[in-house]
Every structure is written in structure tokens, then in C-alpha cells.
Amino acid sequence: MPPKTFTEILLGGLATDGGLTIPEAYPKVSKEDLAAMRDMGYRELAFEVIRRFADDIPAADLKVIVDKTYTAATFRSDDITPVKTLEPGLHILELSNGPTLAFKDVAMQLLGNLFEYALAKDNAEINILGATSGDTGSAAEYAMRGKKGVKVFMLSPLGKMSPFQTAQMYSLQDPNIFNIAVKGVFDDCQDIVKAVSNDLEFKAKHKIGAVNSINWARVTAQVVYYFKAYFAVTKNNDEKVSFSVPSGNFGNVCAGHIARQMGLPIKKLIVATNENDVLDEFFRTGAYRPRPETSHTSSPSMDISKASNFERFVYDLVGRDPAIVKALWQQVDGGGSFDLAKTPYFAKVGEFGMTSGVSSHADRLKTIRQIYEQYGVMIDTHTADGFKVGIEHREVGVPLVCLETALAAKFDETIREAVGREPERPADLVGIEKLPQRFEVMNSDAEAIKRFIVSHTG
Ligand SMILES: *Cc1c(COP(=O)(O)O)cnc(C)c1O
């Protein structure tokens, strides 16, 4: 595609041929840059990293956006993403102190402010339509609440989310947030979103947009905390650090890959999957085989059958040749798969520091119990997958940082099963289930949902 600016990509989503967007070249950080970054606080560091991508946003504007996004009021401390050391060389990077207690807040909160900024420039509006089984939808709503020019129409399956997740979303009273509880399951919600998005005339006329995990700005926001954690666990910039990343759509670990390409001294990026192991299979064998079915597991936010951001990594792996990526994804989009095992590209996986492993429900329970007994720290089910696989790949003398992608409080059922007690919840969320809720119950009917959107937009 002809190159576009960061802001155009921010609002536009996919490339014209359906592919994902990626910078023509990654910005590099020099030794001097790294030295200067080492002592920066989160906001300063975020500005330094993101400005290298958001090159069409004037620095002064970007600074304001970053400063108002990453506050102690939203993320519970000025550290934003604190690192906790469990023992020498073993660390947990806390990414889940935002409003919805999962790492998606880190990127989504920035996205909310970037959207508002970009829309205000052209006096434009966007109506975000999404489907959620819990996590992504709530992160999007908390990021977009009260934002000028933005309305959110979020479909969720009536009565299928946990009481806590339901309360988090439905208790929002902001007039620009519309929770639509669909009489059906998550797949029905997703089908409606697809049906509406495929109606191109409706989509254009009513300015329908999305905030899914392929959004490039979200990836750039996630690059920041790899830098933050690196500086937190090292004394100088000659040391190398490995990261273990609980993975689903490959957005989080893709950000780690980009940090490494920028010059952050990362040794390994450890891709941890649950029973939905399409990524682990690729990193072990070279075959990428999206699955016809997704298993429902106790780390549900990693339940995926294909990993949407994986395309970005493969682009780098095949030497940044768009024709090769296009050919591979034509196979995938046609319901097929591809196998790089016998190509020179697969041998390069190691050069990119990538490795992987799988974690099961039993592994999750065992790991949650172990970390709790050994260190007194309660981790959630997704983070447990990361620890399980990370520890398998741990090397002597290389600090291992395990990314915490959600708080245990969100998954109390499995936590009870693992350690026989309730996880703690941040004080301000105690009793959230008792707050008044605001939502619309609707049939699983795309036309009815379209009418609802029309009647609630200008
Ligand atoms: C989204 C999510 C993941 C997976 O992250 P990707 O960027 O899709 O790989 C892992 N854990 C939790 C808690 C999540 O919400």
C-alpha cells in the first residue's frame, strides 16, 4: 500500500488489501538513547518510545496525550507497570493495574485519547461496534467513556459473563457507552458485528469502526513496558533479559519483538499458549495451522484459533517481502495453512529470539499454587501459563520477566480451585456487583441492532 501516516492508520484499521500495517522501518534506539531512557519515569519513557512511531503528531500534543493517559489515578501508581521481584532473576511485570484489571488497559487507555485527539482535528465522529465475552469489551468501554466524538456499541452474550465482568461493563453510566446484551452466545454477537461490518454502505454512512487487537497504535503502546521492565531488572545496558508472554492474538509478544528490533537487549521472547496451541506448534515445527475449533479454557482470553497479529512477525521473518506474506495469508484466509519448516525463514526464528511452550489447566492450577506458596503472590490463570512456560525456558544468569496480563480477582473460580481461597480485589471494586446497571436486552438480530445504532447516533 502507499504509505500512510500514524493517524491515518490509527483510524483506518486494515490496509486496502486486507493486510495488517507495519512501519516501513523500525526506529532504532542507540546506546546513548538507552542510557538516557534508563532513569525515565513511565510517562517520559512512553513519550520517547511512542513519538518514534507517531511521527505525524506534534511532540507537544503527544506529550499531553501521554501525560493524561498514564496517571496514578488510572493505573493505581505512578509506576504504571511496576516490576515485582519474586527471587533474584525472576520477576513479574505488573500490567494489570488499570481500570479493568487486565493488560489491555495499558494500550486501550492511550487509544481512547488518541481517537479523541484525531477526531477533534477534523470534527469527526466514530461509532465503535464490538463483540465481547468480557475482557476486550470492558477495556474498550473504560478507554472510550466520555470521549468526544466516540460512541461505543458493545454486544455481549446475555447472562454468559461472570457477575464481576458483567458489573464492570453494565455499571458504566456514560451516555456514549451502549451495552447491548444479546439473547445468545458470544459467537452470535460476533456474527452480528461481522454482518454489520460487511454492509459497507451502512458502515460508511454510520461511521462504524472497531478497536480490535490488530490496531497498530495498541501495539506501539505495548512496546513501552518492555523498555520499562528491562531497565527495572538490569543495572546496565549490556545485560540481556528474557520475557515470557501469555499469548493469544500475538499482539503483546509482537510488541516485545518490536522492542527487540528497535535495539532493546532482549535475549528471548517466550510465547506461552494454553491448550489452543497454534502458535506453539508454529515455533516448534514451522507449520502454522489455524484451527477449525477453539477450546474453552480457564485462561479464556488466550482462547484463539488463529493469531491475528502473527502476520506482522512473519513479515519480518520472511525478510519483509510483502508478496510472500500475501501468498501465505491467501492460504490461511482460504481456510488452509502454511509450513515454513523447509524454508530458510524458519531457521531465522532463533535469530529473532522466539521460543514457545504450552500450558494446560492442570499446569495452571499447579503454577498458581506454587507461586502463591513460594512467594505469597497470587497470579491469574493467564499469567500462570506465562510462568509455567517461562520457567521451562529460564537460563542461568539471564533475568526472566513474566508478564502479568490480568489480576487473579478476575478469575476467582479457578483461583479457588487452585489455592482454596478468594483472590483479593482492589478496594474500589469491592461491591461493584451491587451498583445499578444500564444495558439493553436485544434479540440476536443484526437488523434490529442496526436500527438501534441509527436511533442512537446523530
Ligand atoms: C488479551 C489477553 C491475552 C493475550 O494477549 P495477545 O496480545 O492477544 O496475545 C493474555 N491474557 C489476557 C488476560 C488477555 O486479556
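These questions and answers walk through the ligand site, the empty spaces and the cysteines of a predicted model.

Visitor: Which residues come nearest to the ligand?
Guide: Start with the surroundings of the ligand. There are 15 residues around it. Those that come nearest are Lys104, Gly248, Asn249, Asn252 and Thr405.

Visitor: How far from an oxygen atom of the ligand is the polar side-chain atom of Lys104?
Guide: A polar contact needs N or O atoms within 3.5 Å. Lys104 brings a polar side-chain atom to an oxygen atom of the ligand. The distance is 2.5 Å.

Visitor: Which part of Gly248 lies 2.7 Å from an oxygen atom of the ligand?
Guide: Thr405 places a polar side-chain atom 2.9 Å from a nitrogen atom of the ligand. Gly248 uses another part of the residue to reach a ligand oxygen atom. That part is a backbone N or O atom.

Visitor: How much of the ligand does the protein bury?
Guide: Thr405 has a polar side-chain atom 2.9 Å from a ligand nitrogen atom. Taken alone, the ligand exposes 380 Å². The share of that area buried by the protein is 96%.

Visitor: How many residues of the shell around the ligand are charged?
Guide: The shell divides into three classes. Polar residues number 8 and nonpolar ones 5. The charged residues number 2.

Visitor: Which residues are closest to the centre of the second largest pocket?
Guide: This pocket has a volume of about 410 Å³. Its lining is made of 18 residues. Closest to the centre are Lys84, Met378, Leu407, Ala408 and Glu424.

Visitor: How many residues in the lining of that pocket are charged?
Guide: The lining of the second largest pocket holds 9 nonpolar residues. It also has 2 polar ones. The charged count is 7.

Visitor: What is the volume of the second largest cavity?
Guide: The structure holds 2 cavities of 30 Å³ or more. The second largest is lined by residues including Ser242, Ile270, His393 and Arg394. Its lining divides into 4 nonpolar, 2 polar and 2 charged residues. The space inside is about 30 Å³.

Visitor: Why is Cys402 in no disulfide with Cys254?
Guide: A disulfide needs two cysteine sulfur atoms within 2.5 Å. The closest cysteine sulfur to that of Cys402 is in Cys254. The pair is too far apart for a bond, because the distance is 20 Å.

Visitor: Is Cys402 buried or exposed?
Guide: Buried means under 20% relative accessible area. Cys254 has 1% relative accessibility, so Cys254 counts as buried. Cys402 has 0%, so Cys402 also counts as buried.

Key:
Residues are numbered from 1 along each chain as its sequence is written. This is a predicted model: local features need pLDDT of at least 70, side-chain atom pairs count only at pLDDT 80 or more; totals for chains, interfaces and linings use all residues. Side-chain values use heavy atoms; hydrogens and water are left out. On a 1 Å grid over the protein atoms alone, a cavity is a set of points where a 1.4 Å probe fits but cannot get out, and a pocket is an open set with protein on both sides within 12 Å along at least five of seven lines; lining residues have an atom within 4 Å of a point. Grid points are joined across faces, edges and corners, and a volume is the space filled by probe spheres set on the points. Ala, Val, Leu, Ile, Met, Phe, Trp, Tyr, Cys and Pro count as nonpolar, Asp, Glu, Lys and Arg as charged, and the others, Gly among them, as polar. A residue is near a molecule or strand if one of its heavy atoms lies within 4 Å of it. A polar contact is a pair of N or O atoms within 3.5 Å; within protein, one must be able to donate a hydrogen and the other to accept it, and residues adjacent in sequence count only if both atoms are side-chain atoms. Accessible areas come from the Shrake-Rupley method with a 1.4 Å probe; for residues, only the protein chains shown count as cover. Buried means under 20% relative accessible area, exposed over 50%, partly exposed in between (1.4 Å probe, protein chains only).
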